[in-house]
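Trainee: I would like a close look at a single part of this chain, taken slowly and set against the rest of the fold. Could you walk me through one residue, then its helix, and then what surrounds that helix?

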Amino acid sequence: MALPTIPSRLPDVRGQWAVRGAAIGLLHCPIWLVLAATSALLPGLTTPLRWCAVLVVGAVPLLWAATESRFELLVKPAWPERLADDPTMAWVMVSIVAGAIAGLTGTSLGAVAHPRNFADSSIFEIVSGGTYTILLVLVPALTGLFLGRLIRSSSMAQE
C-alpha cells in the first residue's frame, strides 16, 4: 500500500475573496471590542493597546498574502485572463469586504461599549471605520504579496 503524497503547493484560494474578507472583517470585531472596553476601564493603556491591536490586525493579511504568493503556481500567465484571478485585485476585494463588515459591526459594537460617545452615530462613522479597515488590510496584504514573490524568486534563483 502506497503512502499518500503531499501536494507540492497550497490549493488555489484566490477565488474565495469573500470568505477571506469575512474572516478578516470578523477578526477585527473582537479586537476592537476588547480595545473599546479596555479603554473605558483603563484609559491610561489605550495608546499601547491600540498599537498592539493594529499590529495584530495588520499581521494577519501580511502573513496570509505572503504565504499565498510564496506558494503561487509558477505556470500562471503574466496577465491573468480574469481580473479576479490577479492576487492584487483579489486582496482589494478582500479588503473591501473586510472594511464593510468591520465598519458596520465595529460601529455597532462601539455604540454598545460606549453609549455616550456614539449617541450621534451616523453613516460617517461607519464609512470612516470601514475605510480605515480597508487600508489596514490592503497595505499589509500588498506588502505580503511583494515579500512572498521576492522570497519565491530568490529561492528559484538559488536552484
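Mentor: Let us begin with Cys 52, which counts as partly exposed because its relative accessible area is 45%. Cys 52 lies in helix H2, which covers residues 46-70, and we are reading its position from a predicted model rather than from an experiment. Its C-alpha is 9.7 Å from that of Leu 35, with the two positions 17 residues apart in sequence.

Helix H2 itself contains 25 residues, and from its first C-alpha to its last it reaches 36 Å, close to the 36 Å expected at 1.5 Å a residue. The buried residues of H2 are Thr 46, Ala 53, Val 54, Val 57, Gly 58, Pro 61, Ala 65, Ala 66, Glu 68 and Ser 69. In reading such a list, it helps to recall that an α-helix has 3.6 residues a turn, so residues three or four places apart point the same way. Ala 53 and Val 54, the neighbours that follow Cys 52, are both among the buried residues, whereas Cys 52 is partly exposed.

Towards the other end of H2, Glu 68 deserves attention, since this residue belongs to the helix and counts as buried because its relative accessibility is 13%, below the 20% cut-off. The side chain of Glu 68 makes a polar contact, at 3.3 Å, with the side chain of Trp 91. Trp 91 is itself buried, because its relative accessibility is 0%.

Trp 91 also takes part in the one aromatic pair that the structure holds. Its partner is Trp 64, and the two rings are arranged edge-to-face, with 6.0 Å centre to centre and 80° between the planes. This pair links distant parts of the chain, as Trp 64 sits in helix H2 and Trp 91 in helix H3, 27 residues apart. The two partners fall into separate burial classes: Trp 64 is partly exposed because its relative accessible area is 30%, while Trp 91 counts as buried at 0%. Trp 91 in H3 is therefore joined to H2 in two ways, through the polar contact of its side chain with Glu 68 and through the aromatic pair with Trp 64, and it counts as buried at 0% relative accessibility.

On the other side of H2 in sequence comes helix H1, residues 17-41, which holds Thr 38. Thr 38 counts as buried because its relative accessibility is 19%, just under the 20% cut-off. The side chain of Thr 38 reaches the backbone oxygen of Val 34 at 2.6 Å. Leaving aside residues up to four places away in sequence, Thr 38 touches Pro 43 and Leu 49.

As for the whole chain, there are four helices and zero strands, so that the order from the N terminus is simply α-α-α-α. Of the 159 residues, 31% are buried, and the chain exposes about 10100 Å², of which carbon and sulfur atoms supply 72%. Among contacts between residues at least 6 apart in sequence, 82% join residues at least 24 apart.

A word on confidence is in order before these distances are used. The mean pLDDT of the chain is 77, and 74% of its residues reach 70 or more. Confidence is highest in H2, at a mean of 88, and lowest in helix H3, residues 87-113, at 82. Where pLDDT is low, the predicted coordinates should not be read in detail.

Conventions
Residues are numbered from 1 along each chain as its sequence is written. Side-chain values use heavy atoms; hydrogens and water are left out. Helices (H or I, at least four residues) and strands (E, at least two) are DSSP runs, numbered from the N terminus. Buried means under 20% relative accessible area, exposed over 50%, partly exposed in between (1.4 Å probe, protein chains only). Contact means heavy atoms within 4.5 Å. Accessible areas come from the Shrake-Rupley method with a 1.4 Å probe; for residues, only the protein chains shown count as cover. A polar contact is a pair of N or O atoms within 3.5 Å; within protein, one must be able to donate a hydrogen and the other to accept it, and residues adjacent in sequence count only if both atoms are side-chain atoms. The expected span of a helix is 1.5 Å times one less than its number of residues. pLDDT is the predictor's confidence in each residue, from 0 to 100. Rings of Phe, Tyr and Trp (its six-membered ring) pair if their centres lie within 6.5 Å; planes under 30 degrees apart count as stacked, over 60 as edge-to-face and the rest as tilted.
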